[in-house]
Amino acid sequence: MDQLGNILPNKRFAEPPAVILIKQYIQEKYETTPTVTIRPQDIIITVPSAALAGSLRMELHQLQQHAQTDKRLSIRIGH
């Protein structure tokens, strides 16, 4: 019987399509890759600077349409 510790390192988990689309949007437009956390009710986008967070807050509606999601998008500043 395989142990969990032996199985998980070899397992590749696919990112949800909304996460991929959000990362692509921000990478193409701002040339930085955010950290995206998806939860049942919302998606949290973490970016490295306040300036980028402010710019993204102005584009939340377009970003939500681009990601094709109804979940609430939140912007955070961090690493």
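Val 47 is a good place to start: beyond its neighbours up to four places away in sequence, Val 47 touches Pro 34, Leu 52, Ala 53, Leu 56, Ile 75, Arg 76, Ile 77 and Gly 78. The model in which these contacts are found is a predicted one. Val 47 also turns up in the largest nonpolar core, a set of 16 residues, where Ile 22, Ile 43, Ile 45 and Val 47 are those with the most contacts inside. Five elements, namely H2, strand S2 (42–47), helix H3 (50–58), H4 and S3, each give two or more residues to this core. The top contributor is H2, which puts in five residues. As a general matter, nonpolar side chains in soluble globular proteins tend to be buried together.

Stepping back to the whole chain, the fold is built from four helices and three strands. Read from the N terminus, their order is α-α-β-β-α-α-β. Buried residues make up 32% of the 79 in the chain. Contacts that reach far along the sequence are well represented: taking those between residues at least 6 apart, 56% join residues at least 24 apart. As for the surface, the chain exposes about 5,800 Å², and carbon and sulfur atoms account for 52% of that area.

Glu 59 deserves a look of its own. This residue sits in the loop between H3 and H4, and it counts as buried because its relative accessibility is 11%, under the 20% cut-off. Leaving out residues up to four places away in sequence, Glu 59 touches Tyr 25, Lys 29 and Tyr 30. With one of these, Tyr 25, there is a side-chain to side-chain polar contact of 2.6 Å.

Two other loop residues make a neat pair on the backbone side. Glu 31 has a phi near 55°, positive even though the residue is not glycine, and Gln 68 likewise has a positive phi near 55° without being glycine. Glu 31 is found in the loop that runs between helix H2 (17–30) and strand S1 (35–38). Gln 68, for its part, belongs to the loop between helix H4 (60–67) and strand S3 (72–77). With a relative accessible area of 70%, Glu 31 is exposed; Gln 68, at 68% relative accessibility, is exposed too. Set against them, Glu 59 is a loop residue that counts as buried.

Key
Residues numbered from 1 in each chain as written. Predicted model: local features only at pLDDT ≥ 70, side-chain atom pairs only at ≥ 80, totals over all residues. Heavy atoms only, no water. Buried < 20%, exposed > 50% of the residue type's maximum accessible area, 1.4 Å probe, protein only. Contact = heavy atoms within 4.5 Å. Areas by Shrake-Rupley, 256 points an atom, 1.4 Å probe, with all protein chains shown as cover. Core = buried A, V, L, I, M, F, W, Y, C linked by side-chain atoms within 4.5 Å. Polar contact = N/O pair within 3.5 Å; in protein donor to acceptor, adjacent residues only side chain to side chain.
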